[in-house]
Amino acid sequence: MEKLVVTGPTRLKGEVEISGAKNAAVAILPATLLINGTCTIENLPNISDIKISCEILEKLGAKITWHNKNCITIDTSHLTTTKAPMDLTSKFRASYYIIGAMLGRMGEIEVGMPGGCKLGARPIDQHIKGFELLGANVSVEKGKIYAKANKLQGTSIYMDIVSVGATINVMLSAVLAKGTTVIDNAAKEPHIVDVANFLNTMGADIRGAGTDVIKINGVEKLCGNATYSVVPDQIEAGTFMLAAVATKGDLLIKNCITKHLESTTAKILEVGGNVEDFGDAIRVWCDKKPCKANIKTLPYPGFPTDLQPQIGVVLSLANGTSIINESIWDSRFQYTEELNKMGAKITSHGKTAFFEGVDKLYGAPVCSSDLRAGAALVIAGTVAEGMTEIYNIEHIDRGYENIEEKFRNIGANIKRISE
Ligand code: EPZ
């Protein structure tokens with residue numbers, strides 16, 4: 001077992017390079033199953049979710065060549081099975097993208113229910129609704145999903161809920177369907193645009209990604225034979241932006257798309273931080289105690305739920321009482337109990353939490369309940385006086401490339417210890 005040990009307080013200063021987006025990459029890898037040929041993917045984040053995604057693809061028959069830790073060539077010409085390995089798919093959420101991709105390519109898939117962060121109920125009814133409207137038979141039995149279709153037929157699909165996963169999954173299944181599919185009330189996150197750009201680069205015909213109506217004209221085949229670079233991770237960038245504010249630091253965050261960070265920038269300005277926008281880099285600094293602010297998490301372009309715990313650290317140190325309303329997940333305030341162990345004063349009731357700002361946090365042993373909670377605890381440990389030991393860091397490793405090295409390079413006193 002490994003833990004992170006952070007000794008603070010430290011004001012973070014310097015430059016940090018952002019990796020490729022986890023939530024785009026975990027969809028682009030299954031999307032390669034739609035290609036009858038090879039493609040090269042660059043700027044993959046070196047994280048455990050990507051390694052597991054690659055193992056799943058290999059079990060399905062894909063051949064993968066690693067050029068370096070962030071770049072692979074993948075050959076999906078000869079798939080050998082339609083049964084996905086349950087021991088691997090149960091390890092993370094995005095394994096559900098295998099369903100849309102394999103339905104499109106092979107017309108059949110058997111896969112275990114996806115795993116992933118425990119954030120409350122995570123139904124997949126909208127994914128299933130989309131597959132069925134396209135003509136697939138889908139059944140869920142004893143923790144397994146079976147989906148089968150002779151030929152998927154393009155159709156109109158209205159999403160009852162704005163869902164990132166369902167939008168991408170249905171898009172995957174529609175790429176090789178006959179005719180045109182229209183997804184209404186689609187999610188608009190940058191990673192949806194990135195997956196559509198990837199598929200179009202490989203030969204698909206998808207229009208409107210990034211708006212709430214996506215139109216997919218089915219094509220006969222994706223030939224691939226192209227190189228694609230994954231978009232920078234806006235959540236990793238936002239994590240460092242908020243770390244700069246929480247620690248009263250000064251960071252230049254490089255290799256990001258600042259347009260994707262507008263809601264975070266707006267909130268940082270509201271709490272009294274400073275932001276300088278360079279388009280592909282952003283400088284964030286703060287030299288005073290943050291002011292209180294209220295936040296409601298929303299689908300993009302609203303404030304992202306995946307930065308809610310990180311801004312929670314900022315608000316726990318603010319001047320006055322702030323309120324966060326979490327509108328996406330039922331159970332994303334588990335980290336507040338850990339912050340309270342460090343001296344924060346947070347009370348949560350269902351999907352609302354009240355942050356009474358304190359002057360200081362103090363080091364303590366804490367547990368990371370999920371990926372973003374873990375990132376928030378790393379920020380809290382950097383601000384806190386004394387030593388913070390963070391356990392269950394496998395959650396953090398699922399989504400942040402070299403987190404301790406990146407924090408160390410900007411001044412944090414952080415080390416990974418094996419026990
Ligand atoms: C994606 O999860 C991300 N994961 C999550 O990031 C992120 O928190 C979430 O989008 C919201 O932005 C990946 O991209 C792999 P949703 P996803 O479908 O797709 C409800 C992280 O930390 N819903 O947009 O699973 C659902 O319960 C992770 O990187 C249904 O009711 O989220 C939720 O309330 C955690 N039925 C809301 O929609 C469905 O069929 C949004 O979920 C699907 C979803």
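**Ligand contacts and an open sheet**

Student: What makes the approach of K22 to the ligand a polar contact?

Tutor: A side-chain N or O atom of K22 is 3.3 Å from an oxygen atom of the ligand. A polar contact is a pair of N or O atoms within 3.5 Å, so K22 qualifies. This is a predicted model, in which local features need pLDDT of at least 70, side-chain atom pairs count only at pLDDT 80 or more, and totals for chains, interfaces and linings use all residues. Residues are numbered from 1 along each chain as its sequence is written, and side-chain values use heavy atoms, leaving out hydrogens and water.

Student: Which backbone atom lies 2.6 Å from an oxygen atom of the ligand?

Tutor: That is a polar backbone atom of I328. Taken alone, the ligand exposes 830 Å², of which the protein buries 91% (areas by the Shrake-Rupley method with a 1.4 Å probe).

Student: How do you know that β4 and β5 pair?

Tutor: Pairing requires that DSSP finds at least two bridges between two strands. Since 5 bridges join β4 to β5 (residues 71-75), they pair, and they run antiparallel. Within β5, D75 is the bridge partner of K63. Strands are DSSP runs (E, at least two residues), numbered from the N terminus.

Student: What is the strand order of the open sheet, and why are β4 and β13 at its edges?

Tutor: The order of the 4 strands is β4-β5-β3-β13, with mixed pairing. β4 (63-68) and β13 (227-229) each have a single partner strand, so one side of each lacks a neighbour in the sheet.

Conventions: Polar contact = N/O pair within 3.5 Å; in protein donor to acceptor, adjacent residues only side chain to side chain.
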